[in-house]
Amino acid sequence: MNFQNSKIKNFLTKLSMQKLAIIGCGIMGSAILEALLREKVFPPSRISAIDADEKKLAKLKKKFGVKVAKNATEAVEKADVILLAVKPQNLASVCQNWKTEKLVISILAGAPIANLQKATGSQKIARAMPNTPAKIGAGISGWFASKNVSKTEKILVRKILASFGKEVELRNEKMLNTVTAISGSGPAYFFVFAEALEKVARKFGLGKLAPIFVRQTFLGAAKLAEAAKISFSELRKNVTSKGGTTEAALKVFEKKKFGKIVEIAAKAAKKRSEKLKN
Ligand SMILES: NC(=O)c1ccc[n+]([C@@H]2O[C@H](COP(=O)([O-])OP(=O)(O)OC[C@H]3O[C@@H](n4cnc5c(N)ncnc54)[C@H](OP(=O)(O)O)[C@@H]3O)[C@@H](O)[C@H]2O)c1
């Protein structure tokens with residue numbers, strides 16, 4: 001989306017005058033809060049952070065100068081837009097006594113729009129699935145909004161999600177289960193592979209150097225993939241010479257059906273996401 005267009009710019013200036021309540025300031029909620037301030041989507045005076053943990057709130061207030069509150073219901077009444085970032089199992093208890101028609105953006109894994117509408121009372125729901133690289137502004141969020149969310153409200157959804165990475169509006173809500181299994185859980189697949197490689201590197205005698213070699217290899221490979229703009233398959237072929245060391249390792253991956261393992265694992269994540277109806 002081109003946020004430079006002057007009409008949109010004016011509109012976004014008006015939007016930044018709105019008040020946002022972030023309900024749940026754990027790993028994701030606080031990462032989003034930080035990104036919104038860093039990207040100047042909202043000034044600190046327009047953001048309320050709500051969490052069950054008072055110590056966490058005190059830290060956020062000191063660090064960012066945002067408003068803080070323990071009571072979500074009261075904060076929702078004062079806000080124009082609500083961002084829900086509690087654990088799915090806390091949804092019902094958090095939303096008790098809400099009577100709101102405001103835009104609610106939810107990042108809860110597995111919570112369908114119908115359930116979010118029932119829990120919050122609002123018909124205007126944008127359901128998003130971000131991932132943890134959001135913490136450094138390098139996340140990706142797939143999202144889908146209920147039909148009552150207007151075009152202008154969708155621009156605000158995009159602006160909020162774009163503050164911590166890429167955002168992609170999906171064709172239907174079901175696609176969120178796939179996005180959860182691919183990019184939501186994806187960073188953990190990457191880390192489990194890094195962990196395994198580090199373990200092997202130690203076993204082979206690299207000792208303290210093991211995490212240094214693994215970290216830089218993964219970082220370099222990710223940067224190369226971004227810069228080279230060729231397929232992953234091409235990138236792999238570029239490191240694999242005939243009869244060489246990489247080919248020897250890749251043959252083992254193939255024999256042990258690495259691709260199938262990844263498929264079965266992602267399927268399990270997708271199935272779990274489909275079942276997680278709160
Ligand atoms: N982490 C990920 O990779 C990821 C990716 C995509 C989506 N998500 C979704 O993001 C949501 C948050 O995940 P997270 O990893 O950030 O969880 P988290 O770190 O546990 O954060 C949730 C926060 O909500 C607070 N909370 C609990 N009950 C509350 C209440 N009644 N009112 C206000 N705040 C309350 C918790 O406080 P206490 O700690 O004191 O209980 C905690 O600070 C989840 O629904 C998850 O499905 C997570």
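**Two domains and a bound ligand**

In this predicted model, the domain assignment divides the protein into domain 1, covering residues 6–176, and domain 2, covering residues 184–275. A distance of 33 Å separates the C-alpha centres of domain 1 and domain 2.

With the domains in place, the ligand is a good next stop. The space that the ligand takes up is the second largest pocket. Around the ligand there are 21 residues, and M28, D51, K56, V86 and A109 are the closest of them. Sorted by class, this shell consists of 13 nonpolar residues, together with four polar and four charged ones.

Which residues place a polar atom by an oxygen atom of the ligand? The side chain of D51 offers one such atom, 2.7 Å from a ligand oxygen. Two further examples come from the backbone rather than a side chain. A polar backbone atom of G26 lies 3.5 Å from an oxygen atom of the ligand, and for a polar backbone atom of V86 the distance to a ligand oxygen is 2.6 Å. How much of the ligand's accessible area does the protein cover? On its own, the ligand has 890 Å² of accessible area, and the protein covers 76% of it. D51 and V86 thus appear twice in this picture: both are among the closest residues to the ligand, and each has a polar atom paired with a ligand oxygen, through the side chain in D51 and through the backbone in V86.

Terms used: Residues are numbered from 1 along each chain as its sequence is written. This is a predicted model: local features need pLDDT of at least 70, side-chain atom pairs count only at pLDDT 80 or more; totals for chains, interfaces and linings use all residues. Side-chain values use heavy atoms; hydrogens and water are left out. Domain bounds come from an automatic or database domain assignment. A residue is near a molecule or strand if one of its heavy atoms lies within 4 Å of it. A polar contact is a pair of N or O atoms within 3.5 Å; within protein, one must be able to donate a hydrogen and the other to accept it, and residues adjacent in sequence count only if both atoms are side-chain atoms. Accessible areas come from the Shrake-Rupley method with a 1.4 Å probe; for residues, only the protein chains shown count as cover. On a 1 Å grid over the protein atoms alone, a cavity is a set of points where a 1.4 Å probe fits but cannot get out, and a pocket is an open set with protein on both sides within 12 Å along at least five of seven lines; lining residues have an atom within 4 Å of a point. A molecule sits in a cavity or pocket if more than half of its atoms lie within 2 Å of its grid points. Ala, Val, Leu, Ile, Met, Phe, Trp, Tyr, Cys and Pro count as nonpolar, Asp, Glu, Lys and Arg as charged, and the others, Gly among them, as polar.
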